[in-house]
Amino acid sequence: MITMIVGEFSNFVAYIYAPAILVTPLGAISIIVSAVLAHFFLKEKLQKMGVLGCILCVVGSTMIVLHAPGERTPSSVDEIWELAIQPTFLLYTASVIAIVLFLVLYCEPRYGQTNILIYVGICSIIGSLTVMSIKAIGIAIKLTMEGWSQVAHFQTWVFLMVAISCIIIQLNYLNKALDTFDTAVVSPIHYAMFTSFTIFASVIMFKDWSGQSASSIASELCGFVTILSGTVVLHDTRSPDSASVSEMYMSVSPQVSWYFPANGDTWKRKSEEILLPDFDAILKQDHFT
């Protein structure tokens, strides 16, 4: 728990000093560390394809670091606010809200339990606004510590409320996704969607690609695709949990009941009970899980 808190705090600080287009994709490094530690401490077998996945993540991360744009730190929260209310980012924010409302109100009740993209999509899309708000708060804290207090600016508190609201929604739907679908499937999809939307939001709001050459942008995108490929390979090579698989098969055993009339009344017997041949039985399926 302590190491997790330290890691998240470090991630928060990273958003202050580096662009989101650099910080967010590098989150794949945690997947590499988890795979290696699980191999030595939890005795989980790291297969050859898993090693290849780790190498792909390292190569992709290196490409992004070498070609990432420099950080242009705003001088005040007011300047960040001006970036947030520019028409292009307001259009992006409105689109995010509209898509999330559509997914929550229409898609989730109908397809939430069968389509993994519903829960993960809500979490990832909202996550892009979370990162933008967190970055704004981090910069406000940095400027305050340097002597230019940003506490009195109402924009600081707006960013804080947006961050808290988005984090609550994000964690809620991420937990729903993990509770409904296999973690090995949720993790790479969530990483891909969350990183993609975060990069897109950062490019719009902070103009990270402004002044960069086409080759540098292409290298960053190739690095991201390489990391994504390594992430998918790593999760595809995970060994299945035999206990969970056996429990899964136990849970899908059908239950069958027999309905038959006797003296004008309808009686119900389970399939394991013996039925007398005198009764005209009707087979009815209760349910198949």
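**Two buried residues and a cavity**

Student: Does H190 count as buried or exposed?
Tutor: Let's start by keeping in mind that this is a predicted model. The relative accessibility of H190 is 15%. Buried means under 20%, so with its 15%, H190 counts as buried.

Student: Which helix does H190 lie in, and which residues does H190 touch?
Tutor: Find residues 183-205, the stretch that forms helix α9, and you will see H190 within it. Leaving out residues up to four places away in sequence, the partners that H190 touches are V120, C123, S124, L174 and T195.

Student: Where is P25 found?
Tutor: Look for two helices here, α2 at 20-23 and α3 at 29-41. P25 belongs to neither run, as its place is the loop between α2 and α3.

Student: Is P25 buried or exposed?
Tutor: Good one to try yourself! The cut-off for buried is under 20% relative accessible area. P25 has a relative accessibility of 1%, so P25 counts as buried.

Student: Which residues is P25 in contact with?
Tutor: Here we set aside the neighbours of P25 within four places in sequence. One of the remaining partners, I199, is 174 residues away from P25 in sequence, yet their C-alpha atoms are 8.6 Å apart in space. The full set of contacts is A20, I64, Y191, T195, I199 and I227.

Student: How many cavities of 30 Å³ or more are there, and what is the volume of the largest cavity?
Tutor: Rolling a probe the size of a water molecule over the atoms shows where empty space is left. Searching the whole structure with a limit of 30 Å³ or more gives 1 cavity. The volume of the largest cavity is about 40 Å³.

Student: Which residues line the largest cavity, and which helix gives the largest share?
Tutor: You have met P25 already, and it is one of the lining residues. The lining is made up of I21, P25, I64, I199, W209, E220, L221 and F224. With 3 residues, the largest share comes from residues 214-236, that is, helix α10.

Student: How many lining residues of the largest cavity are nonpolar, polar and charged?
Tutor: Glu counts as charged, while Ile, Leu, Phe, Trp and Pro count as nonpolar. Sorting the lining residues this way gives 7 nonpolar, no polar and 1 charged.

Student: What share of the protein's residues count as buried, and how many helices and strands are there?
Tutor: Let's finish with the whole chain. Of its 289 residues, the buried share is 37%. Its regular elements come to 11 helices and 3 strands.

Definitions and conventions: Residues are numbered from 1 along each chain as its sequence is written. This is a predicted model: local features need pLDDT of at least 70, side-chain atom pairs count only at pLDDT 80 or more; totals for chains, interfaces and linings use all residues. Side-chain values use heavy atoms; hydrogens and water are left out. Helices (H or I, at least four residues) and strands (E, at least two) are DSSP runs, numbered from the N terminus. Buried means under 20% relative accessible area, exposed over 50%, partly exposed in between (1.4 Å probe, protein chains only). Contact means heavy atoms within 4.5 Å. On a 1 Å grid over the protein atoms alone, a cavity is a set of points where a 1.4 Å probe fits but cannot get out, and a pocket is an open set with protein on both sides within 12 Å along at least five of seven lines; lining residues have an atom within 4 Å of a point. Grid points are joined across faces, edges and corners, and a volume is the space filled by probe spheres set on the points.
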